[in-house]
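This report describes the architecture of a single protein chain. It takes up the overall composition, a sheet with its packed helices, a covalent link and a pocket.

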Amino acid sequence: TKPRRRIENPKWVALLALVLTFKLCAAVVQAQDNFFQGKSIRVIRGGQPGDLYDLWTRHIATYLGKHVPGSPSIMVQNMPGAGGLAATNYLYGMVKPDGLTLGMFQAHRYMQQLTGVGEVKFDLRKFNWIGTMEKTEVMFFVRADAPYKTFDDVLKASEPPKCGATGSTDGTFSLAKIFEETLKVKFNLVVGYQSGNAIDLAMEKGEVNCRGMIATGHFSREPFVTWHKKSFDRHLAQSGQTRDPRMADAPTLGELWDRYKTADISRRVAQVILAGNEYGRPMVAPPGVAADQVRILREAYAKALKDPQLMAEAKHGKLEIEPASGEELQALTERVMNQPADVIERVKKLVGELSIFRFAGS
């Protein structure tokens with residue numbers, strides 16, 4: 001047999017290896033891009049349909065598929081139960097990690113894990129964070145006829161403001177506990193309203209005279225649009241690094257902490273509780289999804305938020321877009337979930353005081 005000819009020139013050997021590598025990479029990329037073709041992605045929404053969170057879920061789902069290679073169809077499935085906790089547990093441990101099931105859950109889910117809620121069956125650090133379309137800030141406001149013209153009046157008041165809340169993870173409760181921890185101010189909390197709308201009605205009736213909530217919701221929907229026209233409410237404080245121009249007279253928490261010399265550990269506790277604002281309305285994939293699929297979904301999510309049609313519809317619906325990437329949310333989760341024991345204990349104390357307050361209707 002005739003001996004095979006050896007390729008003596010090392011340059012030709014290197015070139016051949018480069019060509020083969022390129023073809024292999026191209027084949028891998030093509031396989032990744034074709035993975036979602038002809039398939040359907042299910043988005044689990046932990047809650048009832050119809051609220052602002054559900055609106056955002058369906059809004060992003062409408063545009064996400066067109067930016068995923070292969071243009072898969074997207075369907076939203078509402079899964080109520082335990083305030084969305086059931087859906088988070090389901091997404092963590094019950095679905096196949098194939099990139100075809102995603103989830104959107106409430107920003108404060110991290111608080112339940114951090115404080116050791118017994119029903120928690122997940123570790124947020126193991127989720128694959130896809131992104132959020134809206135980092136939110138919270139605000140505190142009162143009825144304009146309440147005897148509090150500034151937050152300093154709240155601090156000096158002989159009778160504490162009477163605020164309505166749904167439970168221990170809503171804006172009112174969280175802000176009240178932060179104010180108590182960092183500024184030693186007291187509130188009369190009426191906890192147990194079934195929804196934010198119920199609290200709004202209670203404010204109009206005069207049952208309560210204050211509330212905390214996310215700023216985007218307050219400035220984009222009723223009854224607040226009408227309230228502002230009638231000067232029904234007054235804004236007294238807000239989270240965030242800088243003042244929102246829509247409530248320029250209301251100081252930030254940082255300004256109040258500096259003014260009243262708040263201790264560092266109290267600030268850290270408050271920052272943990274407020275971390276939910278940085279999560280906004282996040283989308284996640286379950287643990288175990290292949291890194292390439294996570295990358296594709298993150299890129300598609302970012303592109304969807306820049307889609308001209310989505311942006312136009314968001315503007316028309318007064319929905320604000322202030323996105324954060326999946327990588328940012330992954331880093332945030334590591335930072336928030338790794339806290340010193342003394343900070344965690346003080347956070348637990350704050351969110352564990354729900355039982356001492358009078359419940360609405362009792």
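The following paragraphs proceed from the chain as a whole to selected local features.

**Overall composition**

The model is predicted. Its protein chain holds 16 helices and 11 strands. Of the 362 residues in the protein chain, 49% are buried. Among contacts in the protein chain with a separation of 6 or more, 79% are between residues 24 or more positions apart.

**The six-stranded sheet**

An open sheet is formed by six strands in the order E2-E1-E3-E10-E4-E11, with mixed pairing. Strand E2 (73-78) and strand E11 (324-325) occupy the edges; each has a single partner strand, so one side of each lacks a neighbour in the sheet. Within the sheet, strand E4 (residues 128-132) pairs with strand E10 (residues 282-285) in the antiparallel sense, over four bridges. In this pairing, Gly131 stands opposite Met283 in E10.

Two helices that pack on the sheet are compared below.

| Helix | Residues | Strands touched | Angle with the direction of E4 |
|---|---|---|---|
| H13 | 291-305 | E1 (40-45), E3 (101-104), E4 and E10 | about 5° |
| H15 | 326-337 | E4, E10 and E11 | about 115° |

Strands E4 and E10 are thus touched by helix H13 and also by helix H15.

**The disulfide**

The count comes to one disulfide. A disulfide is a covalent bond between the sulfur atoms of two cysteines. Here the bond joins Cys163 to Cys210, with an S to S distance of 1.7 Å. The angle about the S-S bond is -100°, and the link of Cys163 and Cys210 is left-handed. Because Cys163 belongs to strand E6 (residues 162-165) and Cys210 to strand E8 (residues 210-214), the pair ties together parts that are 47 residues apart in sequence.

Are the two cysteines buried or exposed? Residues under 20% relative accessible area are classed as buried. Cys163 therefore counts as buried, at 1% relative accessibility. Cys210 likewise counts as buried, at 0%.

**The second largest pocket**

The second largest pocket has a volume of about 950 Å³. It is lined by 36 residues, of which Glu137, Gly240, Gln241, Asn277 and Glu278 are the closest to its centre. The elements that contribute two or more residues to this lining are helix H8 (215-218), helix H10 (253-259), helix H11 (264-274), helix H12 (276-279) and H15. Helix H15 therefore has a place in two parts of this account: it packs on the sheet, and it gives residues to the lining of the second largest pocket.

Technical notes
Residues numbered from 1 in each chain as written. Predicted model: local features only at pLDDT ≥ 70, side-chain atom pairs only at ≥ 80, totals over all residues. Heavy atoms only, no water. Pairing = 2+ DSSP bridges. Contact = heavy atoms within 4.5 Å. Axes fitted to C-alpha atoms, helices over the stretch in contact; angles between N-to-C directions. Disulfide = S-S within 2.5 Å. Buried < 20%, exposed > 50% of the residue type's maximum accessible area, 1.4 Å probe, protein only. 1 Å grid on protein atoms, 1.4 Å probe; cavity = no way out; pocket = protein on both sides within 12 Å on 5 of 7 lines; lining within 4 Å. Points joined across faces, edges and corners; volume = space filled by probe spheres on them.
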